[in-house]
Amino acid sequence: MESKNNMENVFSKLGDLKQFFVFGQKIVPVIQKIIDFMSDVVPLLENVNNSIQDSTSKIPKASTQINSVTSANEIATSEILDIIDAMFLDLSTIRTGLEELKNEENSEKIKVLNEVVSKIENDSSRITISLQVQDITAQQLASVNHLIDSVQNKLSSLLFELGKQQDRPIPTFDPASVSEQDSDYAFSDGTFNENARYDRSTEKQDLVDTLVLENTKTSQEEIDKLFAK
Amino acid sequence: MKRVILVADDSPTIRKFVSVALTVKGYDIISCSDGMEALEKLPTNKIDLLITDLNMPNVDGFELINIVRNNSDLKELPIIVLSSLGSNDDIQRGLECGANSYLIKPFDPKRVLYEVSKYLN
């Protein structure tokens, strides 16, 4: 009786073993597919890792180039302003000279010449307004640089994690790679206005003037109230 | 005697723009690149008017105006804000701090001159 039970037990175990082999036969192709997938993905991940490393090492260069653009624009704008400044002084000298030359005979001619001087002064003023695009774009570029720095920091921390696992060197940003001149011309961190826009319409200024007027009115009302007490 | 104007702005070109617009009309310009430097220059020079940006390192424009308005020797100093910050909140904050005028960048040099002469002439 006991040996019958043992045999039934053995057959049951053999049945389990058979099922295991049947299952194994089914699972082997799936495992093979997973292995194939892994062998395809590992070089891809390696590629991604290399790309991140490459991009991270290039980012400081992009940042430096942006600073160089800002710097070059600033120098050029400054040079133009120097010329305009000298022009204003020359125009002032011309105006004084014209006043000294003025007499009854040439008063009409002097008037025409004064009008020309005024026109040149107005045009010069308009040039200085247009040149302020440099300040606006410098702020926008500073904002882009700030964004690039944030991406650089994220990528560096990602590479640090990957590097820890693979024992790879992590590219770091060397501030010395930015020339002294570039760093002088860059906006300090956080002191730029990312929403700065070159807008020549007077709409914004009109709004400001309304607010200033309201503010002044309120102050006047407060003063009146104070004196009425 | 020439009237002295202190210009506080971290942008060298804006400092130059203001300087070009005002020196030709006979004003003396002293420039500085942030609020901290402005606070150092205000007591040591006889400043008649302050033109300031709002976004500046170390001490920003809002703080600078606040400090000036709370200083018994400087509280009457006319202050003109020159900024690219154009939202209602920024303008309101600037005026509440004690700015007398608020000009949006890009600014017209003639308008700057008008505002300056409003307080100095």
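Read along the sequence, chain A of this predicted model follows the pattern α-α-α-α-α, with 5 helices and 0 strands in the chain. Of the 229 residues of chain A, 25% count as buried, and one of its helices, α5 (203-228), supplies at least two residues to the largest nonpolar core, together with elements of chain B.

**Chain A: contacts and surface**
- Among the contacts in chain A that link residues at least 6 apart in sequence, 85% join residues at least 24 apart.
- The accessible surface of chain A comes to about 16400 Å², and 60% of this area belongs to carbon and sulfur atoms.

**The largest nonpolar core**
- This core holds 30 residues, and those touching the most other members are B:Leu6, B:Leu42, B:Leu64, B:Val68 and B:Tyr102.
- Besides α5 (203-228) of chain A, the elements that each supply at least two residues are, from chain B, the strands β1 (4-8), β2 (28-32), β4 (79-83) and β5 (101-104), along with the helices α2 (35-44), α3 (61-69) and α4 (88-97).
- The element that gives the most to this core is α3(B), which contributes 4 residues.

**Surroundings of B:Leu64**
- When residues up to four places away in sequence are not counted, B:Leu64 touches B:Ala8, B:Gly35, B:Ala38, B:Leu39, B:Leu42, B:Leu50, B:Thr52, B:Met56 and B:Val59.
- Among these partners, B:Leu42 is also listed with B:Leu64 as one of the residues that touch the most other members of the core.

**A second core**
- A separate core of 23 residues is also present, and its members include B:Ile5, B:Leu22, B:Phe107 and B:Val116.

Technical notes. Residues numbered from 1 in each chain as written. Chains lettered and ligands numbered in written order. Predicted model: local features only at pLDDT ≥ 70, side-chain atom pairs only at ≥ 80, totals over all residues. Heavy atoms only, no water. Buried < 20%, exposed > 50% of the residue type's maximum accessible area, 1.4 Å probe, protein only. Contact = heavy atoms within 4.5 Å. Areas by Shrake-Rupley, 256 points an atom, 1.4 Å probe, with all protein chains shown as cover. Core = buried A, V, L, I, M, F, W, Y, C linked by side-chain atoms within 4.5 Å.
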